[in-house]
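Here are a few friendly notes to read alongside the coordinates. Please keep the viewer open as you go through the points.

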Amino acid sequence: MTQEMTPEEEASLHERWIAEIEREWAPLFESCPDPVYIYIDDEHKTCSERCAAFFGMTVQQFKDCDSLLDECVTDGSIDLVVHNYLTHFEEQHRPVVFDIVAKHQDGHEMPVTAYNIPIVHDGQVILMCFLRDAA
């Protein structure tokens with residue numbers, strides 16, 4: 001029987017996973033021409049330097065942002081991002097490709113194609129997302 005984790009234990013586990021993922025996926029983060037991020041939840045996420053710059057942030061600012069949706073996705077695209085995350089990622093654990101409008105910290109909007117790919121880390125399915133200019 002699996003013992004339930006406290007919120008503190010779960011946060012600690014997710015922090016460990018982000019550190020491990022950053023080490024394990026460093027070659028991809030450094031060499032991929034597309035912005036890429038990995039998302040566990042709003043408190044536990046990381047990205048490539050290219051992704052951070054794409055949104056007008058540093059990697060640390062990306063990791064520290066309160067809400068990936070509120071800070072990096074336009075209001076008109078939020079429902080689609082949430083739907084695809086809940087349906088294709090959480091329920092079906094399968095990749096999905098879709099077009100959204102992302103937003104830069106300076107306010108300008110960028111049409112992008114998002115490639116949500118499930119990866120497995122420590123037995124847990126986690127979201128990896130590649131972004132490509134859709135203009």
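1. Let's start with one residue: does Thr-113 count as buried or exposed, and at what relative accessibility? This is a predicted model, and in it Thr-113 comes out at 12% relative accessibility. Buried means under 20%, so Thr-113 counts as buried.

2. Now for the surroundings of that residue. Thr-113 belongs to strand β4, and its side chain makes a polar contact of 2.5 Å with the side chain of Asp-99. Apart from neighbours within four places in sequence, Thr-113 is in contact with Val-97, Phe-98, Asp-99, Phe-130, Leu-131, Arg-132 and Ala-134.

3. Stepping back to the sheet, you will find five strands in the order β2-β1-β5-β4-β3, an open arrangement with antiparallel pairing. The edges are β2 (44–47) and β3 (96–103), each of which pairs on one side only. On average, neighbouring strands of this sheet are turned by 30° against each other, direction ignored.

4. The pairing of β4 with β5 deserves a look. Residues 109–121 (β4) and 124–133 (β5) are joined in the antiparallel sense over ten bridges. Two of the pairs you can pick out are Asn-116 opposite Cys-129 and Ala-114 with its bridge partner Leu-131. The two strands form a hairpin with two residues between them; in the turn, Asp-122 has a positive phi of about 55°.

5. On the other side of β5 in the strand order comes β1. Strands β1 and β5 run antiparallel and are joined by four bridges. Val-36, for instance, has Phe-130 in β5 as its bridge partner.

6. Next, the helices that meet the sheet. Helix α1 (residues 7–24) packs on it, touching β1 (36–41), β2, β4 and β5, and its direction makes about 15° with that of β2. Helix α6 (residues 75–91) lies across β1, β3, β4 and β5 and runs at about 150° to β3.

7. A quick check on the geometry of α1: does its length agree or disagree with what 1.5 Å a residue should give? The 18 residues should span 26 Å, and the end C-alpha atoms are 25 Å apart, so the two values agree.

8. Finally, which residues of α1 are buried? They are Leu-13, His-14, Trp-17, Ile-18, Glu-20 and Ile-21. You may like to display their partners too: the buried residues of α1 pack against α2 (26–31), β1, β2, α4 (59–64), β4 and β5.

Key: Residues numbered from 1 in each chain as written. Predicted model: local features only at pLDDT ≥ 70, side-chain atom pairs only at ≥ 80, totals over all residues. Heavy atoms only, no water. Pairing = 2+ DSSP bridges. Axes fitted to C-alpha atoms, helices over the stretch in contact; angles between N-to-C directions. Contact = heavy atoms within 4.5 Å. Expected span 1.5 Å × (residues − 1). Buried < 20%, exposed > 50% of the residue type's maximum accessible area, 1.4 Å probe, protein only. Polar contact = N/O pair within 3.5 Å; in protein donor to acceptor, adjacent residues only side chain to side chain.
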